[in-house]
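Here is a structure to look through together. Let's ask how each label was earned.

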Amino acid sequence: MFYGFHSVAHLMSMTSEQISSSRAQLHGKVQQIVQSTPALDMHTHLYDPVFGDLLLYGIDEQLIYHYLVAEAFRSTDMPYEKFWQLDKQEQADHVWKTLFMDRSPLSEACRGVLTSLNKLGLETGANQLPAIRQWFREQPLESFVSQCMDLANLRAICMTNSPFDPQEKNVWDQNPTRDERFLTGLRLDPLLLDWNDAGKHLKSWGYEVDENLSDSSCQEIIRFLNDWKQKINPLYLMVSLPPTFSYPANDTTTKILKEAVIPFCRDSGLPLALMIGVKRAVNPSLQLAGDGLGRADLVALESLCAENQDVKFLCTVLSRENQQELCVIGRKFRNLHIFGCWWFTNIPSIIEEMTRLRLELLGTSFTAQHSDARVLDQVIYKWNHSRQIMIDLLTDKYTHLSQTGWPLTDQAIQRDVNNLLGAGFEEFCR
Ligand code: FIX
Ligand code: ZN
C-alpha cells in the first residue's frame with residue numbers, strides 16, 4: 001500500500017483536507033505497525049520468576065519504586081529514617097496519600113502507575129487502593145508475567161544479572177530451569193568501580209587475584225568472565241558509570257577494562273554496554289532514590305570506540321546535554337550501538353526530543369527504548385507511553401519522506417520499526 005503524496009507538485013495540487021486525511025491514513029498505519037510489533041526490552045532490573053522474590057510485581061512495589069519515593073519526599077515532613085522503618089505496605093500507603101490523594105498524580109512516574117493499572121483493567125481513583133491490592137493478591141504470578149508482557153507487547157526481557165549479588169548468585173549456582181523469555185546481561189559495576197571489594201569476592205570464589213592487579217590477576221578476571229559466560233549465556237556485559245568516567249586514566253577501572261574486560265569482549269564477541277552519567281548517592285538518606293546525574297565527558301567513549309574497533313559497545317547516557325554528542329560519536333563508530341532513554345530521560349518530553357534527534361542523525365540504526373523496569377507491571381506503562389511517542393514521530397518522518405516523492409510501503413515501515421524495537425540490536429550483537 002502506498003501512503004502520502006507523490007511529489008511536491010502533487011502536494012501543491014492537494015487540498016488541505018486531502019493532505020490531512022493522507023497524514024491521518026499514514027498515522028493509522030504507523031500506529032498499527034508500532035503497536036503490533038513485539039519489542040525486545042534490552043535493559044531491565046526484572047527477573048525470570050525462577051529467581052523467586054527478586055522478581056518484584058504488584059501495586060505496593062510500584063508505589064515504592066524509587067522514582068516515586070524521591071517525589072513523595074518532596075511533599076512530606078516525615079523523617080527519612082521513619083519512612084525506611086515502615087513496612088512495605090505502609091510505605092506504599094504513604095506514597096499513595098502524598099502523591100495520589102493530596103495532589104494530582106501528574107508526574108511521569110505517577111502517571112505510569114495509573115496507565116499500568118488502567119491497562120490491566122483496574123479502576124483508578126484516590127479511594128481504590130484497597131481494591132487494587134485485593135486484585136493483585138488474586139493474580140497467579142505465571143499468568144501475570146504473560147499478561148504484562150502481552151500488554152507491553154514484549155517478546156523478550158533482558159535482566160541485569162550480577163555475580164556479586166549473593167541472592168542471585170545462589171540461584172545461578174543451582175542451575176535453574178529458566179523461562180526463555182528472560183534473557184541475561186552480565187553486570188560488572190563492582191568489578192570495574194570497586195576493585196578492592198570485588199577482588200575479595202573473586203578470591204573467595206577461587207580466582208587468584210591480587211590487589212595490585214598483576215598480569216596474572218587480569219587473566220584470572222578473564223577466567224571469571226568466561227565462567228559467568230558459561231553459566232548465564234549473557235547477551236552483553238554492562239556497567240553504569242559516573243559522569244566523571246574517563247578513559248584512558250591512571251586507575252583500576254582503565255586497567256581492568258584494558259586488560260581483562262575488553263580482551264574478553266573481543267574474544268567472545270560480546271558487546272560491552274556503558275551507561276554513563278549516574279552520580280550515586282547524591283542524597284544517601286533517600287537510599288536507592290538518592291542517585292542523581294551529571295554531564296559526562298564522552299571523549300572516554302570516543303577513545304574506547306577508536307582504540308577497539310573490533311569490540312562492540314552499547315551506550316546510553318543520562319544527561320540531556322550529552323545526547324547530541326553521543327549521536328555524533330555513533331556516526332563515527334559503527335562498533336557503537338546507542339540505546340534507550342535512560343531513567344531521568346525516560347519522560348515524554350525528553351523521549352520525544354532524543355528519539356527525534358537520533359532518527360535525524362542515525363536513521364534507524366539505534367534501539368529506541370528500554371524500560372529499566374524494576375517492577376514487572378511497569379513494562380506496561382513504559383512501553384505504552386514510548387510507543388505513543390514513536391508513532392507520532394515516525395508519522396512526521398514518513399510524511400517528510402513521502403513529500404519528496406519517495407514511495408512508502410508497509411514492509412518498509414515494518415522493517416524500520418522492527419529495527420528500532422530490538423532487531424537492530426540483535427543484528428549488532430551477531
Ligand atoms: O544503573 C542502572 O542500571 C540504573 O538504571 C539503576 O541503577 C537505576 O536505579 C534505575 O532503576 C533507573 O531506572
Ligand atoms: Zn538500569
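**Reading the labels**

Q: Which residues are around ligand 1?
A: In this predicted model, ligand 1 is surrounded by His43, His45, His66, Tyr67, Arg187, Ser240, Met275, Arg280, Trp342, Trp343, Asp372 and Arg374. Each has a heavy atom within 4 Å of the ligand.

Q: What makes the approach of His45 to ligand 1 a polar contact?
A: A polar side-chain atom of His45 is 3.1 Å from an oxygen atom of ligand 1. The cut-off is 3.5 Å, so the pair of atoms qualifies. His66 offers a polar side-chain atom at 3.0 Å from a ligand oxygen, and an N or O atom in the side chain of Arg280 lies 3.0 Å from an oxygen of ligand 1. As for cover, ligand 1 taken alone exposes 330 Å², and the protein buries 98% of that.

Q: Why are His43, His45 and Asp372 called donors of the zinc ion (ligand 2)?
A: Their atoms, NE2 of His43, NE2 of His45 and OD of Asp372, lie 2.0 to 2.2 Å from the zinc ion. Donors are N, O and S atoms within 2.8 Å of this metal, so these atoms count. Along the sequence the donor residues follow the spacing H-x1-H-x326-D.

Q: What parts of the chain do His43 and Asp372 tie together?
A: His43 is in the loop between strand E1 (39-41) and helix H3 (59-63), while Asp372 is in the loop between helix H17 (348-362) and helix H18 (378-403); the pair therefore joins parts 329 residues apart in sequence.

Q: Why do His43 and Asp372 count as buried?
A: The relative accessible area is 1% for His43 and 6% for Asp372. Buried means under 20%, so both residues earn the label.

Q: Why is the pair of Trp135 and Phe144 called edge-to-face?
A: The search of the whole structure finds 19 aromatic pairs. In this one the ring centres are 6.2 Å apart, within the 6.5 Å limit, and the planes meet at 70 degrees, over the 60 needed, so the pair is edge-to-face. Ring pairs also link Trp135 and Phe144 with Tyr57 and Phe136 into a cluster.

Q: What makes the pair of Trp205 and Phe224 stacked?
A: Their planes are 15 degrees apart and their centres 6.0 Å. Under 30 degrees counts as stacked, so the name fits.

Q: How do you know whether Trp205 is buried or partly exposed?
A: Trp205 has 27% relative accessibility, and partly exposed runs between 20% and 50%, so Trp205 is partly exposed. Phe224, at 0%, is buried.

Definitions and conventions
Residues are numbered from 1 along each chain as its sequence is written. Chains are lettered from A and ligands numbered from 1 in the order in which they are written. This is a predicted model: local features need pLDDT of at least 70, side-chain atom pairs count only at pLDDT 80 or more; totals for chains, interfaces and linings use all residues. Side-chain values use heavy atoms; hydrogens and water are left out. Buried means under 20% relative accessible area, exposed over 50%, partly exposed in between (1.4 Å probe, protein chains only). Donors are N, O and S atoms within 2.8 Å of the metal (3.2 Å for Na, K and Ca); water is not among the atoms, so sites may look incomplete. Helices (H or I, at least four residues) and strands (E, at least two) are DSSP runs, numbered from the N terminus. A polar contact is a pair of N or O atoms within 3.5 Å; within protein, one must be able to donate a hydrogen and the other to accept it, and residues adjacent in sequence count only if both atoms are side-chain atoms. Accessible areas come from the Shrake-Rupley method with a 1.4 Å probe; for residues, only the protein chains shown count as cover.
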